[in-house]
Amino acid sequence: VHIKGNSLDTGNHTVTLRWLNPKRAELWSSAGDLSVGPLPSGVAEMDVPLIAQIDLPIDGAGSYAMAIALDHEPTTEVPVQVRVGAPIAAASGLVS
């Protein structure tokens, strides 16, 4: 996710991530601080990448979403489609 900002966004902010299942129930959430320094001279806007590697709980197939809020205001949701496939059988015999 990329967060766009400008010189008015300088300061401390709170970023909240919420993992929602297909029934919109919250399965996981976390919040953290984001500090934005002054922009360099001549720069009008910034692009701040937000990268998170998280093991998320999944309670079934369907349309999940990562809801993202900035300073407690919802900003976007990233949709994730979860499908359930056939179980993978254990290999038998010689395997290389």
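Trainee: In the lining of the largest pocket, how many residues are nonpolar, how many polar and how many charged?

Mentor: In this predicted model, the lining of the largest pocket divides into 14 nonpolar residues, with no polar and no charged ones. The general idea behind such a search is that rolling a probe the size of a water molecule over the atoms shows where empty space is left. Here the largest pocket has a volume of about 240 Å³, and among its 14 lining residues Ala-52, Ile-54, Leu-56, Met-66 and Val-78 lie nearest its centre.

Trainee: Which strands each supply at least two residues of that lining, and which gives the largest share?

Mentor: Strands S2, S5 and S6 each supply at least two residues of the lining of the largest pocket, and the largest share, three residues, comes from S6.

Trainee: What volume does the second largest pocket have, and how do the residues of its lining divide?

Mentor: The second largest pocket has a volume of about 160 Å³, and its lining is made up of nine nonpolar residues, two polar ones and one charged one. Among the residues that line the second largest pocket are Ile-3, Val-15, Leu-17, Asp-33, Val-48 and Ala-52. S2, S3 and strand S4 (45-49) each supply at least two residues of this lining, with S3 giving the most, five residues.

Trainee: Several of these strands must be placed in a sheet before I can picture the pockets, so to speak; in what order do the strands of the open sheet stand?

Mentor: As a general idea, strands of a sheet pair through backbone hydrogen bonds, either parallel or antiparallel. In this structure an open sheet of four strands has the order S3-S2-S5-S6, and the pairing is antiparallel. Strand S3 (26-36) and strand S6 (73-82) stand at the edges, and because each has a single partner strand, one side of each is left without a neighbour in the sheet. On average, and with direction ignored, neighbouring strands of this sheet are turned by 20° against each other.

Trainee: Over how many bridges do S2 and S3 pair, and over how many do S5 and S6 pair?

Mentor: S2 and S3 pair in the antiparallel sense over 10 bridges, and Asn-12 has Ser-35 in S3 as its bridge partner. S5 and S6 are likewise antiparallel, pairing over nine bridges, and Leu-70 stands opposite Glu-73 in S6.

Trainee: Where does S1 find its partner, and which residues make up its covered face?

Mentor: S1 pairs with S4 in the antiparallel sense over five bridges, and Asn-6 stands opposite Glu-45 in S4. Strand S1 (residues 2-6) has a covered face of Ile-3 and Gly-5, whereas His-2, Lys-4 and Asn-6 form the uncovered one.

Trainee: How should I read the backbone angles in the connections between strands, and which residue takes a positive phi in the hairpin of S2 and S3?

Mentor: The point of reference is that most residues other than glycine have a negative phi. In the hairpin of S2 and S3, which has five residues between the strands, Arg-24 takes a positive phi near 70°. In the loop between S5 and S6 you will find Asp-71, whose phi is near 55°, a positive value in a residue other than glycine. His-72 lies in the loop between S5 and S6 as well, and although His-72 is not a glycine, it has a positive phi of about 65°.

Trainee: Are Asp-71 and His-72 buried or exposed?

Mentor: Asp-71 has a relative accessibility of 34%, so this residue counts as partly exposed. His-72, with a relative accessible area of 61%, is exposed, because the cut-off for that class is over 50%.

Trainee: How many aromatic pairs does a search of the whole structure find?

Mentor: The search finds one aromatic pair. Its members are Trp-19 and Tyr-64, which are stacked, with 5.2 Å centre to centre and 15° between the planes. The pair links distant parts of the chain, for Trp-19 is in strand S2 (residues 11-20) and Tyr-64 in strand S5 (residues 62-70), 45 residues apart.

Trainee: Are Trp-19 and Tyr-64 buried or exposed?

Mentor: Buried means under 20% relative accessible area. Trp-19 is at 3% relative accessibility and therefore counts as buried, and Tyr-64, with a relative accessible area of 2%, is buried too.

Definitions and conventions
Residues numbered from 1 in each chain as written. Predicted model: local features only at pLDDT ≥ 70, side-chain atom pairs only at ≥ 80, totals over all residues. Heavy atoms only, no water. Phe/Tyr/Trp six-rings, centres within 6.5 Å; stacked < 30°, edge-to-face > 60°. Buried < 20%, exposed > 50% of the residue type's maximum accessible area, 1.4 Å probe, protein only. Pairing = 2+ DSSP bridges. Axes fitted to C-alpha atoms, helices over the stretch in contact; angles between N-to-C directions. 1 Å grid on protein atoms, 1.4 Å probe; cavity = no way out; pocket = protein on both sides within 12 Å on 5 of 7 lines; lining within 4 Å. Points joined across faces, edges and corners; volume = space filled by probe spheres on them. Nonpolar A, V, L, I, M, F, W, Y, C, P; charged D, E, K, R; others polar.
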